[in-house]
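Let's take a walk through a protein fold together. Have the sequence and the 3D view ready, and turn the picture around as you read.

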Amino acid sequence: MSLNPRLVKESFALIEPVADKAAAYFYGRLFAENPHLRGMFPPAMDVQRDRLFGALTRIVWSLDSPDGLAAFLGQLGRDHRKYGVVAEHYTAIGNALLATVRRFAAEVWDAEIEAAWVTAYTAAANIMIESADADAGVSPAWWLAEVIGHERRTPDIAVITLRLDRDLPYLPGQYVTVQTARWPRVWRTFSIANAPRGDRTIRLHVRAVPGGWVSTALVEHTRIGDTVMLGPALGTMTPADSGRDILCVAGGTGLAPIKAIVEHVIGSGLRPAVHLLYGARRACELYDLTDLIRMESAFPWLRVLPVVSEQPGYDGVRGRLTEVMERLRSWAGHDVYVCGPAAMVDDAVRRLQRNGVPLTDIRRDVVHGEP
Ligand SMILES: NC(=O)C1=CN([C@@H]2O[C@H](COP(=O)(O)OP(=O)(O)OC[C@H]3O[C@@H](n4cnc5c(N)ncnc54)[C@H](O)[C@@H]3O)[C@@H](O)[C@H]2O)C=CC1
């Protein structure tokens with residue numbers, strides 16, 4: 001049976017508006033039929049439900065671009081090793097998924113649509129299983145890391161240094177998932193804020209957000225000597241290394257992966273002009289400015305421009321980060337890296353495209369923070 005993306009997309013479009021209900025039904029069904037799987041999931045399932053639908057949406061809408069989809073599914077399969085997912089679980093998940101789409105797309109459901117879903121799911125599951133199997137030969141499913149540095153830079157933001165028990169291969173700009181002892185089975189993503197160092201240490205920039213279990217545990221309840229677990233490195237916002245000039249736009253703790261990329265450029269021997277626009281709502285939230293200024297004074301081709309958006313008395317550059325970026329100059333011909341709140345990233349991409357920067361020159365990642 002060959003893949004029929006159109007049938008899958010059309011039926012999925014009926015489910016998207018009722019995603020919450022469909023996800024609740026999916027997990028209800030999964031756990032009713034396979035009670036032993038419940039222990040693999042976090043106690044509170046709300047974020048998990050959003051994740052499931054986020055991933056499913058991305059998969060369904062990418063069915064027409066097999067290369068991108070295979071890369072995404074490959075990463076997903078490798079990342080799922082840390083949950084203890086094995087090949088048999090995919091059958092249980094496939095059955096629950098099929099029951100869910102059958103129910104929520106009942107008005108159009110027929111044998112042809114069912115076959116399209118079975119084919120698509122089987123293909124996707126096979127890619128995930130194969131990539132997990134291949135990864136098992138060369139890489140651990142997860143890493144232990146000891147907290148060796150914990151600096152509270154603002155009441156909400158901590159810069160945390162971890163020492164890993166084994167090498168964790170990653171590229172500058174990538175992120176990892178983190179689990180704390182306080183919240184077993186709850187994993188959240190955080191970008192690695194340094195280029196690979198060769199001493200197994202990495203840094204994370206963490207803002208404790210209201211209702212954010214892991215971020216609050218990391219900022220408020222974590223001490224030097226504590227241990228956390230990490231999953232493998234993920235993400236596609238990695239250095240282009242083209243030698244062209246670079247624009248970096250970092251909002252808040254979105255600075256983390258951008259800083260790793262800038263460190264990489266410093267270490268690469270390339271000397272492009274790098275503009276780093278670093279935005280915060282208030283000056284006191286420019287939590288890493290001292291370090292960035294130190295880097296700027298050591299590397300004259302690096303320009304750091306802090307921008308503050310919500311403090312009228314601030315005597316530096318004030319305004320919306322994306323507007324300041326647009327006003328400053330044309331960025332056509334630059335490699336661009338953007339990270340921060342999702343709305344800021346979208347706005348930056350829109351403005352850049354409007355001003356002649358093609359999408360292929362803009363790198364960003366969709367990373368869901370907490371809650
Ligand atoms: N790898 C990744 O994708 C990472 C993503 N993040 C995300 O970055 C965000 C950082 O959040 P906070 O530190 O709380 O940042 P924040 O909410 O304090 O904002 C930071 C900056 O972005 C600007 N901004 C916010 N919304 C904007 C909009 N709609 N248009 C233009 N500018 C806007 C603010 O004015 C400020 O300059 C989180 O959403 C987090 O999930 C953080 C780290 C890594």
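What follows is a tour that goes from the domains to the sheets, then to the core, and ends with a few single residues.

Before we set off, keep in mind that this is a predicted model. The chain's domain assignment splits it into domain 1 (5-136), domain 2 (143-230) and domain 3 (246-363). Let's look at how the second and third of these meet. The C-alpha centres of domain 2 and domain 3 are 23 Å apart. Their contact draws on 15 residues from domain 2 and 14 residues from domain 3. On the domain 2 side, strand E5 supplies the largest share of the touching residues, namely four.

Now zoom in on the sheet that E5 belongs to. Six strands make up this open sheet, and reading across you meet them in the order E4-E3-E6-E1-E2-E5, with antiparallel pairing. At the edges sit strand E4 (188-191) and strand E5 (201-207), each pairing on one side only. On average, neighbouring strands here are turned by 40° against each other, if you ignore direction. For a closer look at one pair, try strand E1 (residues 143-152) and strand E2 (residues 157-164), which are joined in the antiparallel sense by seven bridges. Within that pair, Gly149 stands opposite Thr161 in E2. A helix rests on this sheet too: H8 packs on it and touches strand E3 (175-180), E4 and E5, with its direction at about 150° to that of E5.

There is also a database note for this part of the chain. An unreviewed UniProt entry lists residues 140-240 as "domain: FAD-binding FR-type". In the model, that span is 8% helix and 39% strand, and its end C-alpha atoms lie 27 Å apart.

On to another sheet. This one is also open and has six strands, in the order E10-E9-E8-E7-E11-E12, but the pairing here is parallel. Its edge strands are strand E10 (317-318) and strand E12 (362-363), and each of them pairs on one side only. Strand E11 (residues 335-339) runs parallel to E12, and two bridges join them. One of the bridge partners to look for is Ile362 in E12, which goes with Val336. E11 also runs parallel to E7, this time with five bridges, and there Ala250 has Cys339 in E11 as its bridge partner.

How well covered is E11? Five of its five residues are buried. In a regular strand, side chains alternate between the two faces of the sheet. In E11, Asp335, Tyr337 and Cys339 are on one side, Val336 and Val338 are on the other, and all of them are buried.

Helices pack on this parallel sheet as well. H8 turns up again here, lying across strand E7 (246-251), strand E8 (274-280), strand E9 (302-308) and E11, and running at about 150° to E7. Helix H9 (residues 289-298) touches E8 and E9, and its direction makes about 155° with that of E9.

So what do we find inside? In soluble globular proteins, nonpolar side chains tend to be buried together. Here the largest nonpolar core has 66 residues, and the members that touch the most others are Val206, Cys248, Val249, Ile258, Leu276 and Tyr278. Helix H8 (residues 255-268) gives the largest share of this core, seven residues. Both domain 2 and domain 3 contribute residues, so the core lies between them. Pick out Cys248 as an example: leaving out residues up to four places away in sequence, Cys248 touches Ile258, Ile261, Val262, Val274, His275, Leu276, Leu277 and Tyr337. Apart from this core lies another one of 22 residues, including Phe12, Leu30, Leu56 and Phe72.

Let's finish with two residues you can find for yourself. Is Pro232 buried or exposed? Pro232 sits in the loop between strand E6 (227-230) and E7. It counts as buried because 21 C-beta neighbours lie inside 10 Å, and the cut-off for buried is 20 or more. Pro232 and Ser139 are 93 residues apart in sequence, yet their C-alpha atoms are 8.8 Å apart in space. Beyond its neighbours within four places in sequence, Pro232 is in contact with Arg78, Asp79 and Ser139.

Leu289 is in helix H9. With 17 C-beta neighbours inside 10 Å, Leu289 counts as partly exposed. Its C-alpha atom is 8.5 Å from that of Tyr278, eleven residues away along the chain.

Technical notes:
Residues are numbered from 1 along each chain as its sequence is written. This is a predicted model: local features need pLDDT of at least 70, side-chain atom pairs count only at pLDDT 80 or more; totals for chains, interfaces and linings use all residues. A nonpolar core is a set of buried Ala, Val, Leu, Ile, Met, Phe, Trp, Tyr and Cys residues joined through C-beta atoms within 7 Å. A residue is buried if 20 or more other C-beta atoms lie within 10 Å of its own, exposed if 12 or fewer, and partly exposed in between; C-beta atoms are placed from the backbone. Domain bounds come from an automatic or database domain assignment. Two residues are in contact if their C-beta atoms, placed from the backbone, lie within 7 Å. Two strands pair if DSSP finds at least two bridges between them. Axes are lines fitted to C-alpha atoms, for helices over the stretch in contact, and angles run from 0 to 180 degrees between N-to-C directions. UniProt positions are given in the numbering used here, feature names are shortened, and annotations may be inferred rather than shown by experiment.
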